[in-house]
Amino acid sequence: MSTGASRPTVGAVVLTMNDRPDEEPRSLASLLEQEDVTLDVVVVGNGVAPAHVPDGVRTVELPDNVGIPEGRNVGAANVKGDLLFFFDNDAVLPARDVLARLAAELTRDLALAYVQPRIADPVTGATLRRWVPRLRSADVTRPGIVTVMAEGVVMVRRSAFESAGAWPGAFRLFHEGVDLAWRLWDRGYRGLYRPEIVVHHPATHPARHAEFYRLTARNRVWLARRNLPAPLIPLSLATWVVLTVWRVRGWDAWRATFAGLREGLSARPGARSPMSWRTVIRLIRAGRPPIF
């Protein structure tokens, strides 16, 4: 672990459920090998006592699984650093300067709230479309300003993160990165995608999670209800329904999707803080209207 008062201070947050006994040690080893940053690492056990943690790394044990966004919030509150690095425990940093290069972008441009590297499968080299934080994702190597993020591997300025209210803990899983990114943009910040900085992550499909369709639908509704000006909420939900009709296949998936839709409309999504129309215009100009 690198030290040095003049180096960027990075607090790295890793969640675990002790279900990756092979991947997690490799992930943490690559994190601890990072150079030219002052690094603090915490592993949060989401309903478990962390079991695959090297010496010198602090842990937080949560008695219950509080979901990924809230688990990351707990980690952020228990780690030191002006910059926060959220890191999936099956990802690997293939070079020792990944954190330093991401931190350099945030140090260089104070208007940036977050920087995302390119996430690539370590075997095939493929970058999934959902890992590219923009609508036009065919060219995964094109860098630039972005309005959303892939939350599993991203560096965020702590002051911006805290001003935006952190991750939306009630979401549990899915769309929390869009929620945070929109609130960061509403505070005048921007995001950056740096595809030449690569992080390895196995290319798995999110539908492997049992509640994928329900939580995706519920959180999509919550995302709109929490963040959009009132006139844009029905437009956003109509767009989501059209896309869902095109994408979802199978009766079980449909049933779970509409259960999530009902829950999203009936349950409280947390505090509502609609973005300004100025932010809507900024997002449109950046290439992604906040209805997709």
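**Helix packing, cores and a few buried residues**

In this predicted model, helix 5 (residues 176–186) packs against helix 6 (residues 212–227) at an angle of about 15 degrees, and their axes lie 10 Å apart. That angle makes the two helices, 5 and 6, roughly parallel. The crossing here, helix 5 passing helix 6, is right-handed. On the helix 5 side, the contact uses Val178, Asp179, Trp182 and Arg183, while helix 6 brings in Leu223, Arg226 and Asn227. Sorted by class, the residues of this contact between helix 5 and helix 6 come out as three nonpolar, one polar and three charged.

Helix 6 has another packing partner in helix 8 (residues 251–266), with an angle of about 30 degrees and axes 7 Å apart. With that angle, helix 6 counts as roughly parallel to helix 8. Helix 6 passes helix 8 in a right-handed crossing. From helix 6, the residues involved are Tyr213, Arg214, Ala217, Arg218, Val221, Trp222 and Arg225. They meet a run of helix 8 residues that includes Ala253, Ala256, Thr257, Ala259 and Gly260, along with Leu261, Glu263, Gly264, Leu265 and Ser266. The class tally for helix 6 with helix 8 is nine nonpolar, four polar and four charged residues.

Going back to helix 5, there is also its packing with helix 9, where the angle is about 110 degrees and the axes are 9 Å apart. Helix 5 is therefore roughly perpendicular to helix 9. The crossing of helix 5 and helix 9 is right-handed. Trp182, Trp185 and Asp186 of helix 5 meet Thr279, Arg282 and Leu283 of helix 9. By class, that contact of helix 5 with helix 9 holds three nonpolar, one polar and two charged residues. Trp182 thus turns up in the helix 5 contact with helix 6 and again in the one with helix 9.

What about the nonpolar interior? The largest nonpolar core has 46 residues, and the members that touch the most others are Phe86, Tyr114, Met149, Phe161, Trp182 and Leu184. Helix 5 supplies the largest share of this core, with six residues. Met149 gives a feel for the surroundings: setting aside neighbours within four places in sequence, methionine 149 is in contact with Tyr114, Gln116, Pro133, Val154, Trp167, Gly177, Leu180, Ala181 and Leu184. Apart from this core lies another, of 31 residues, with Ala103, Ile119, Val153 and Leu192 among them.

Leu192 also shows up next to a buried charged residue. Glutamate 105 sits in helix 3 (residues 98–108), and its relative accessible area of 10% makes it buried. Not counting residues up to four places away in sequence, glutamate 105 touches Leu112, Val115, Leu192 and Arg194.

Proline 290 is in the segment after helix 9 (277–285) and is buried at 2% relative accessibility. Its C-alpha is 7.7 Å from that of leucine 228, although the two residues are 62 residues apart in sequence. Beyond residues up to four places away along the chain, proline 290 touches Trp182, Leu228, Met275, Val280, Leu283 and Ile284. Two of those names, Trp182 and Leu283, also belong to the contact of helix 5 with helix 9.

Serine 137 is another buried residue, with a relative accessible area of 5%, this time in the loop between strand 5 (112–120) and strand 6 (144–146). Serine 137 and threonine 127 are ten residues apart along the chain, and their C-alpha atoms are separated by 9.6 Å. Leaving out residues up to four places away in sequence, serine 137 touches Arg129 and Val132.

Finally, a look at backbone torsions picks out a couple of loop residues. Asparagine 18 has phi near 60 degrees, a positive value in a residue other than glycine. Asparagine 18 lies in the loop between strand 1 (9–16) and helix 1 (23–32), and is partly exposed, at 24% relative accessible area. Phenylalanine 174 has a positive phi too, near 85 degrees, and is likewise not a glycine. Phenylalanine 174 is found in the loop between helix 4 (158–163) and helix 5, and at 13% relative accessibility it counts as buried.

Notes: Residues numbered from 1 in each chain as written. Predicted model: local features only at pLDDT ≥ 70, side-chain atom pairs only at ≥ 80, totals over all residues. Heavy atoms only, no water. Axes fitted to C-alpha atoms, helices over the stretch in contact; angles between N-to-C directions. Helix = DSSP H or I, 4+ residues; strand = E, 2+ residues; numbered from the N terminus. Parallel < 35°, antiparallel > 145°, perpendicular 65-115°, else oblique. Left-handed = near helix turned anticlockwise from the far one by under 90°. Contact = heavy atoms within 4.5 Å. Nonpolar A, V, L, I, M, F, W, Y, C, P; charged D, E, K, R; others polar. Core = buried A, V, L, I, M, F, W, Y, C linked by side-chain atoms within 4.5 Å. Buried < 20%, exposed > 50% of the residue type's maximum accessible area, 1.4 Å probe, protein only.
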